[in-house]
Amino acid sequence: MTNFQIKEDARREAFEAIWESKINAVFADVAATYDKANDFASLGMLKGLRRRFIASIDVQPGQRVLDVCAGTNVIGIELLKKQPELDVYAVDRSDAMQRVGKERALRQGFDIKGHICDVHKLPFPDNHFDAVTLQYATRHLRVIDVFLEINRVLKPGGKFYHFDMLRPANKLIEEIYCLYLKGCLSAISWAIRSGPDAMACHNYFVDAIRLFYSTEELSRLLSELGFDDVTGRSLLGGTVAIHKACKT
Ligand SMILES: C[S@@+](CC[C@H](N)C(=O)[O-])C[C@H]1O[C@@H](n2cnc3c(N)ncnc32)[C@H](O)[C@@H]1O
């Protein structure tokens with residue numbers, strides 16, 4: 001039992017209804033414009049941050065890699081550009097996001113094997129992947145359950161690479177960051193004419209950061225769940241971080 005169970009219970013109590021009934025509709029609503037909206041929200045910094053994440057991932061020809069909550073397959077595609085001889089799998093609950101992702105991958109000559117499912121139960125055997133990636137989705141998940149699933153499907157010695165927006169450890173940065181996020185979400189929703197589900201989730205997207213993990217907390221959680229050699233690199237004042245962890 002990890003010390004973070006209380007935090008997870010609080011997140012679940014606060015957000016489970018949204019996770020179950022709204023998140024899928026939100027991503028269906030934004031699927032076609034998701035990548036552009038992300039670029040806008042990050043003031044164009046997203047590509048540079050993604051490059052750093054991809055550069056931190058060690059992949060070798062012939063390895064089997066899983067991208068969890070793959071969305072529009074941005075990570076799978078970048079990994080295949082870096083190492084074309086990978087066997088890349090993607091899992092996501094959103095058919096709409098994966099349809100966009102499948103098309104994008106095919107247009108660039110890549111085959112990514114997509115599975116539509118809830119990632120709290122991964123449809124793969126134990127010890128199956130050399131590497132697992134998870135970018136920009138952990139706030140919407142029961143973190144302990146999903147990280148344990150990721151540990152299960154990784155081969156011994158396999159690596160988990162995580163990149164996400166986190167809760168800055170500094171309270172002042174957190175306040176400024178949340179104000180900025182609120183403004184961004186309003187602007188994007190207006191620009192892409194979001195539907196009612198996305199509109200209803202504005203507060204959720206900010207609250208999910210406030211109840212989320214800091215870089216250091218996420219490192220400790222990964223260690224407590226049995227991962228080894230955990231590293232967490234804070235960027236942009238701890239608003240985002242790259243974590244790397246190894247299955248023993
Ligand atoms: C913000 S997007 C990130 C997509 C992609 N990883 C990226 O970096 O662009 C979050 C994704 O998580 C997926 N997702 C959220 N909760 C999920 C769940 N319980 N099971 C599977 N996918 C989920 C959504 O469908 C969405 O595609």
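**Exercise 1. A strand, a helix, a strand**

Work out which elements make a unit with E4 and E5, and what handedness that unit has.

*Solution.* Keep in mind that you're looking at a predicted model.
- Begin with strand E4, residues 129–135, and follow the chain into helix H7, residues 143–153.
- Carry on to strand E5, which covers residues 154–165. Together, E4, H7 and E5 make a right-handed β-α-β unit.
- Now look at how the two strands sit side by side: E4 and E5 pair in the parallel sense, over 6 bridges.
- For a concrete pair, pick Leu134, whose bridge partner in E5 is His162.

**Exercise 2. The other right-handed unit to find**

Find the helix that makes a β-α-β unit with E2 and E3, and say how those strands run.

*Solution.*
- Strand E2 spans residues 87–92 and strand E3 spans residues 113–116.
- The helix is H6, residues 95–107, and with E2 and E3 it makes a right-handed β-α-β unit.
- E2 and E3 run parallel and are joined by 4 bridges.
- To see one of these bridges, go to Ala90 and look across to Gly114 in E3.

**Exercise 3. Strand E7 and its partners**

Decide whether E7 is largely enclosed or not, and list strands that pair with it.

*Solution.*
- Count first: E7 has 8 residues, 240–247, and 7 of them are buried, so the strand is largely enclosed by the rest of the structure.
- Try E5 as a partner. E5 and E7 pair in the antiparallel sense over 7 bridges.
- Check this by residue: His162 stands opposite His243, and Tyr161 has Lys244 as its bridge partner in E7.
- Notice His162 again, since it also bridges to Leu134.
- Try E6 next, residues 227–235. E6 and E7 pair antiparallel too, over 7 bridges, with Arg233 partnered by Ile242 in E7.
- Finally, look at the turn: the hairpin of E6 and E7 has 4 residues between the strands, and there Leu236 takes a positive phi near 50°.
- E5 can be counted in the way E7 was: 9 of its 12 residues are buried, so E5 is also largely enclosed by the rest of the structure.

**Exercise 4. Inside the core**

Which residues touch the most other members of the largest nonpolar core? Pick Val132 and trace its contacts.

*Solution.*
- The largest nonpolar core holds 57 residues.
- The ones touching the most other members are Val65, Leu66, Val68, Val88, Val91, Val132 and Ile150.
- Leave out anything within four places of Val132 in sequence. What remains in contact with Val132 is Leu66, Val68, Ile150, Val153, Leu154 and Phe160.
- Compare the two lists: Leu66, Val68 and Ile150 turn up in both.

**Exercise 5. Around the ligand**

Say which residues come nearest the ligand, then take a look at the loop between E1 and H5.

*Solution.*
- There are 19 residues around the ligand, and Cys69, Gly71, Arg93, Ser94 and Ala137 come nearest.
- Sort that shell by type and you get 10 nonpolar, 6 polar and 3 charged residues.
- Zoom in on Cys69, found in the loop between strand E1 (64–68) and helix H5 (74–82). Its phi is near 55°, positive even though Cys69 is not a glycine.
- Cys69 has 22 C-beta neighbours inside 10 Å, so it counts as buried.
- Asn73 is in that E1–H5 loop as well. Asn73 isn't a glycine either, yet its phi is positive, about 65°.
- With 27 C-beta neighbours inside 10 Å, Asn73 is buried too.

**Exercise 6. Buried or partly exposed?**

Classify Asp67 and Asn151 as buried or partly exposed, and find their contacts beyond four places in sequence.

*Solution.*
- Asp67 lies in strand E1. It has 27 other C-beta atoms within 10 Å, and the cut-off for buried is 20 or more, so Asp67 is buried.
- The contacts of Asp67 are Ile75, Gly76, Val88, Ala90 and Thr133.
- Asn151 belongs to helix H7. It has 19 C-beta neighbours inside 10 Å, which falls short of 20, so Asn151 counts as partly exposed.
- Asn151 touches Leu225, Gly226, Phe227 and Lys247.
- For a sense of distance, the C-alpha atoms of Asn151 and Ala90 are separated by 16 Å, with the two residues 61 apart along the chain.

Key:
Residues are numbered from 1 along each chain as its sequence is written. This is a predicted model: local features need pLDDT of at least 70, side-chain atom pairs count only at pLDDT 80 or more; totals for chains, interfaces and linings use all residues. A nonpolar core is a set of buried Ala, Val, Leu, Ile, Met, Phe, Trp, Tyr and Cys residues joined through C-beta atoms within 7 Å. Two residues are in contact if their C-beta atoms, placed from the backbone, lie within 7 Å. Two strands pair if DSSP finds at least two bridges between them. A residue is near a molecule or strand if its C-beta atom, placed from the backbone, lies within 6 Å of it. Ala, Val, Leu, Ile, Met, Phe, Trp, Tyr, Cys and Pro count as nonpolar, Asp, Glu, Lys and Arg as charged, and the others, Gly among them, as polar. A crossover is right-handed if, with the strands pointing away from the viewer, the path from the first strand over the helix to the second runs clockwise.
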